Structures are given as C-alpha cells and as structure tokens.
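Visitor: I'd like to go through this chain with you and ask how each label is earned. Could you show it to me?

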Amino acid sequence: MKKVAIFTDGACSGNPGIGGWGAILRYGEAEKEISGAEERTTNNRMEMQAVVSALSLLKEPCEVDLTTDSQYVVKGATEWMSGWIANGWRTADKKPVQNSGLWQEIARLKKAHAVHWHWVKGHAGHPENERCDALARAAIDDLRERLK
C-alpha cells in the first residue's frame with residue numbers, strides 16, 4: 001500500500017464569511033498543492049473541505065498520514081463519527097450533526113484508506129501547516145478579487 005502524507009488547513013474571513021482551504025499531498029518526492037474557496041462558509045467547513053478534496057485525489061487505497069490543525073476534524077473523524085453513524089447522523093442529544101454532508105463524505109473516503117490522523121498547533125511554525133494556511137488565504141483573496 002502506498003504511503004501518502006496529507007497536510008490540510010482551512011481559513012475564514014468572518015465566521016461565517018468568505019472561506020478558503022489548502023492542502024498538500026506528498027508521495028515520495030512528488031508533491032501536489034491544492035486549494036479552493038467559497039463565498040459564505042465557516043472555518044470548520046473549510047477545514048473539512050480540505051480533507052475531502054485531498055482524500056478525493058487518491059486513486060487507490062493508501063496509508064495516509066493526515067496532519068491538520070483542526071481538533072474538530074481529528075476528534076470528529078476519530079472519536080465522534082462512529083456514534084454519529086450509529087445514531088443516524090444525530091448527536092448524543094439527538095440533534096442533527098452539523099456539517100453532516102461533509103462528515104459523511106469524510107466517512108466514505110476514509111473507508112478506502114488507512115488514515116492516521118495527526119493534530120498540530122496552528123500558526124506555530126509547522127512548515128506544511130503554514131503553507132496550507134497560505135494556500136487557503138490566497139484562495140480567499142482570489143475569490144474576493146473575482147467577486148469585485
């Protein structure tokens with residue numbers, strides 16, 4: 001099984017507001033950067049979209065080291081998701097899971113891979129996290145320019 005490293009980050013200008021996401025995929029010496037933006041979204045949705053977009057690019061089952069600065073993403077994927085699925089995408093107090101569409105897509109995508117989730121502190125000098133943040137912010141700036 002191929003070993004792939006993925007780094008992701010999301011950003012929002014206002015929450016909700018214009019949001020962007022960035023990701024780096026690394027396989028051996030090969031590296032790919034991707035990013036995108038949405039007009040009206042939240043930081044959590046952008047963190048999740050980065051994961052969905054990166055995992056969607058994998059063409060075969062891989063062992064994935066996925067690094068993010070979002071505890072929401074890591075805890076959702078590793079601690080909360082199994083309960084949400086068992087409860088029909090409802091929380092323990094029977095409320096609908098926020099961002100359930102993106103969570104369901106993460107659940108579907110991670111089934112195909114052996115994903116190891118890693119959390120890093122944001123804005124603390126982690127090189128790939130800083131690069132992903134820059135990609136997300138550039139995507140926000142690009143979208144702002146297109147909306148003018």
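Guide: What follows is a set of questions about the labels, each answered with its value. One thing up front: this is a predicted model.

Visitor: Fine. What makes up the chain, and in which order do the elements run?

Guide: There are four helices and five strands. Starting at the N terminus, the order is β-β-β-α-β-α-α-β-α.

Visitor: How do you know whether the radius of gyration agrees with a compact globule?

Guide: For 148 residues, a compact globule would have a radius of gyration near 15 Å, and the chain has 15 Å, so the two agree. If you want the extents, the C-alpha trace spans about 45 × 35 × 30 Å along its principal axes.

Visitor: And how much of the chain counts as buried?

Guide: The share is 47% of the 148 residues. As for the surface, about 7,900 Å² is exposed, with carbon and sulfur atoms supplying 49% of it.

Visitor: Which share of the contacts joins residues at least 24 apart?

Guide: Among contacts between residues at least 6 apart in sequence, 65% do.

Visitor: What about the charges: how far apart are the mean positions of the positive and negative ones?

Guide: There are 20 of each sign, and their mean positions are 7 Å apart.

Visitor: Let's turn to the strands. Why is β4 called largely enclosed?

Guide: Strand β4 covers residues 62-68, and five of its seven residues are buried, so the rest of the structure largely encloses it. Buried here means under 20% relative accessible area.

Visitor: Which strands pair with β4, and in which sense?

Guide: Strand β1, residues 2-14, pairs with β4 in the parallel sense over seven bridges. Strand β5, residues 114-119, also runs parallel to β4, joined to it by six bridges. For a feel of the register, isoleucine 6 stands opposite leucine 66 in β4, while threonine 67 has histidine 118 in β5 as its bridge partner.

Visitor: How are β2 and β3 joined?

Guide: By 10 bridges, and those two strands run antiparallel. One place to look is glycine 19, which stands opposite glutamate 38 in β3. The hairpin of β2 and β3 has two residues between the strands, and there glycine 28 takes a positive phi near 60°.

Visitor: Which other residues have a positive phi without being glycine?

Guide: Lysine 94 is one of them, with phi near 70°. Histidine 123 is another, at about 55°. Lysine 94 sits in the loop between α2 (71-86) and α3 (100-111), and histidine 123 in the loop between β5 and α4 (127-147).

Visitor: Why is lysine 94 called exposed?

Guide: The cut-off for exposed is over 50% relative accessible area. Lysine 94 has 55%, so it earns the label.

Visitor: And what makes histidine 123 exposed or buried?

Guide: Its relative accessibility is 55%, so histidine 123 counts as exposed.

Visitor: Where is the cis peptide bond, and how do you know it is cis?

Guide: Asparagine 15 and proline 16 are joined by it, with omega at about 15°. Proline 16 belongs to the loop between β1 and β2 (17-27).

Visitor: Now alanine 37. Why is it called partly exposed?

Guide: Partly exposed is the range between under 20% and over 50%. Alanine 37 has 26% relative accessibility, so it falls in that range. This residue is part of strand β3, residues 30-41.

Visitor: Which residues does alanine 37 touch?

Guide: Leaving aside residues up to four places away in sequence, alanine 37 touches Gly19, Gly20, Trp21, Ala139, Ile140 and Leu143. By contrast, try leucine 58: alanine 37 is 21 residues from it in sequence and 21 Å from it in space, C-alpha to C-alpha.

Visitor: Ala139 is on that list. What makes alanine 139 buried?

Guide: Its relative accessible area is 7%, and the cut-off is under 20%, so alanine 139 is buried. Alanine 139 lies in helix α4, and it touches Trp21, Ser35, Gly36 and Ala37, again not counting residues up to four places away in sequence.

Visitor: How far is alanine 139 from isoleucine 34?

Guide: Their C-alpha atoms are separated by 9.7 Å, although the two residues are 105 residues apart along the chain.

Methods: Residues are numbered from 1 along each chain as its sequence is written. This is a predicted model: local features need pLDDT of at least 70, side-chain atom pairs count only at pLDDT 80 or more; totals for chains, interfaces and linings use all residues. Side-chain values use heavy atoms; hydrogens and water are left out. Buried means under 20% relative accessible area, exposed over 50%, partly exposed in between (1.4 Å probe, protein chains only). Two strands pair if DSSP finds at least two bridges between them. The radius of gyration is taken over C-alpha atoms; the globule rule is 2.2 Å times the number of residues to the power 0.38. Contact means heavy atoms within 4.5 Å. Accessible areas come from the Shrake-Rupley method with a 1.4 Å probe; for residues, only the protein chains shown count as cover. Lys and Arg count as positive and Asp and Glu as negative; His and the chain ends are not counted. The place of a charge is taken as NZ of Lys, CZ of Arg, CG of Asp or CD of Glu.
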